[in-house]
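Visitor: I'd like a quick tour of the binding site and the hollow spots in this protein. Could you walk me through them?

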Amino acid sequence: MSNSFHADVRDRLGAINEQNLLRTRRVVEPLGQGRCRIEGRELWDFSSNDYHGFSLHPVIQSAAIKAIEQYGVGARASVLISGWTPAHQELSDALRNFESVGDILLCSSGYVACQGSIDSLVNEDDLIFCDRLNHACLIDGCRLSKAKLRIYRHEDLTTLRRELKKSQSEKVRRWIVTETVFGMDGTLAPLIELMQLAEEFDAYLICDEAHATGVYGSCGQGVIAQLREQGDLTAELIERRIPIRIGTLSKALGSQGGFVASSAETIQLLWNTSRPLMFSTGLSIAACAAATAAIEQLQEHPQKISSLRNSASQFRRHLKDSGFEVWGEENSPIIPVVLWDEERTMSWAKELEAQGYLIGAIRPPTVPNGTARLRISLSSAHSEELIENLIIALRALQTKTAEKT
Ligand SMILES: *Cc1c(COP(=O)(O)O)cnc(C)c1O
């Protein structure tokens, strides 16, 4: 490697490019109704996490505009100084009620909510068990905490149990860190089994509901709430074993920011110890007001959630019937069509875009090597007819690829 900084940058970029892993960004103009415009062309957008189209929902937009007019754009200071406005209090109240918890921590992103709260709550001499597919912010939080880290294969309960058992003689505090919906796979964490293990080996769970907020539970409170509603987990067990749940305002809620739901005492400790909170400006006022309005929308129109999940399961079934390798939970709107190969994934995404569909091509290091995929992300705005057309386009690519090989 060269000593020169610029030569080093060039070398590294070259290496990334050679592996077909170079990422670029483009200007994407969101148009609403599941559409966007790129370089003058209108496309159907199957790539965003805006599952209900809330980022362009008129009621939510007006709430954000009104709050800006009333209180300004930015929060102007850290929350602990003077950056906690009435818009922050309103959002915090709405989330506390929505999540049925003691208190809420508001953060400028879901990333920071995860990283900062794990770093702050897990002690150096604790032991963390972490699913290999956990989001980067969870892994970063674990590393920052300096606790001992055991990574287990995705949802591999046998290994997890063995590792927990091995640690039984150690006098340490144990944590299991997991997403509840895995964002690149659309799989649900085996929470019931994880809770049983937590009980058996005296461990705590940290659950990241980023892709579950607004998608699971009767009003979108997440997977844990859904399991409680179904009677699979009791409120008492949840309180004993899941001290914190983390969510995002940036995906289904269509706004920006993250939150931690926990007891009033734990939240107070986080406000006092989580570095990205203490040393960063509060969430923007528009983001707060939009998220508050989005929660109201979910509470007033919970059928949005069931209809999204129904169309997801229909779509998934059609794809599987057509012979595609589709991963994930039956009714998750994250629909990964696994093509294995990076080059093929990129060329399919390009071809689909030429036909009017914008779909995320996901490659390593976002996903493990050899599991490149198209990540189709469904929104309530996509009609049945549109989805059928997309399936036809995918089938045509499948036939073309089969003929070539
Ligand atoms: C998207 C995501 C985050 C980060 O949330 P942001 O609000 O976008 O920063 C955290 N955890 C998981 C599992 C995610 O999918």
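Guide: Here are some questions and answers on the ligand, a pocket and a cavity, all for a predicted model.

Visitor: Let's start with the ligand. Which residues come nearest to the ligand?
Guide: The shell counts residues with a heavy atom within 4 Å of the ligand. There are 13 residues around the ligand. Those that come nearest are Gly110, Asp208, Thr248, Ser250 and Lys251.

Visitor: How far does a polar side-chain atom of His211 lie from an oxygen atom of the ligand?
Guide: Let's go through the polar contacts, where the cut-off is 3.5 Å between N or O atoms. Ser250 places a polar side-chain atom 2.6 Å from a ligand oxygen, and Lys251 does so at 2.6 Å too. For His211, the distance from a polar side-chain atom to an oxygen of the ligand is 3.1 Å.

Visitor: And how much of the ligand's accessible area does the protein cover?
Guide: On its own, the ligand has 380 Å² of accessible area. The share of that area covered by the protein is 86%.

Visitor: How many residues of the shell around the ligand are polar?
Guide: Gly goes with the polar residues in this count. Three shell residues are nonpolar and three are charged. That leaves the polar group, which numbers seven.

Visitor: Now the second largest pocket. Which helix gives the most to its lining?
Guide: This pocket has a volume of about 310 Å³ and is lined by 16 residues, with Val101, Ile238, Glu239, Ile242 and Arg245 closest to its centre. Strand E9 (244-248), strand E10 (258-262) and helix H9 (235-241) each supply at least two lining residues. The top contributor, with three residues, is H9.

Visitor: What about that lining's chemistry: how many of its residues are charged?
Guide: Seven residues of the lining of the second largest pocket are nonpolar and five are polar. The charged ones number four.

Visitor: On to the cavities. What is the volume of the largest cavity?
Guide: The structure holds three cavities of 30 Å³ or more. The largest cavity has a volume of about 50 Å³.

Visitor: Which strand supplies at least two residues of the lining of the largest cavity?
Guide: The lining includes Val79, Trp271 and Gly282, and its residues divide into seven nonpolar, four polar and no charged. Leu106 and Cys107 are also part of it. Two elements supply at least two lining residues each: helix H11 (275-278) and, as the strand you asked about, E4 (103-107).

Methods: Residues numbered from 1 in each chain as written. Predicted model: local features only at pLDDT ≥ 70, side-chain atom pairs only at ≥ 80, totals over all residues. Heavy atoms only, no water. Polar contact = N/O pair within 3.5 Å; in protein donor to acceptor, adjacent residues only side chain to side chain. Areas by Shrake-Rupley, 256 points an atom, 1.4 Å probe, with all protein chains shown as cover. 1 Å grid on protein atoms, 1.4 Å probe; cavity = no way out; pocket = protein on both sides within 12 Å on 5 of 7 lines; lining within 4 Å. Points joined across faces, edges and corners; volume = space filled by probe spheres on them. Helix = DSSP H or I, 4+ residues; strand = E, 2+ residues; numbered from the N terminus.
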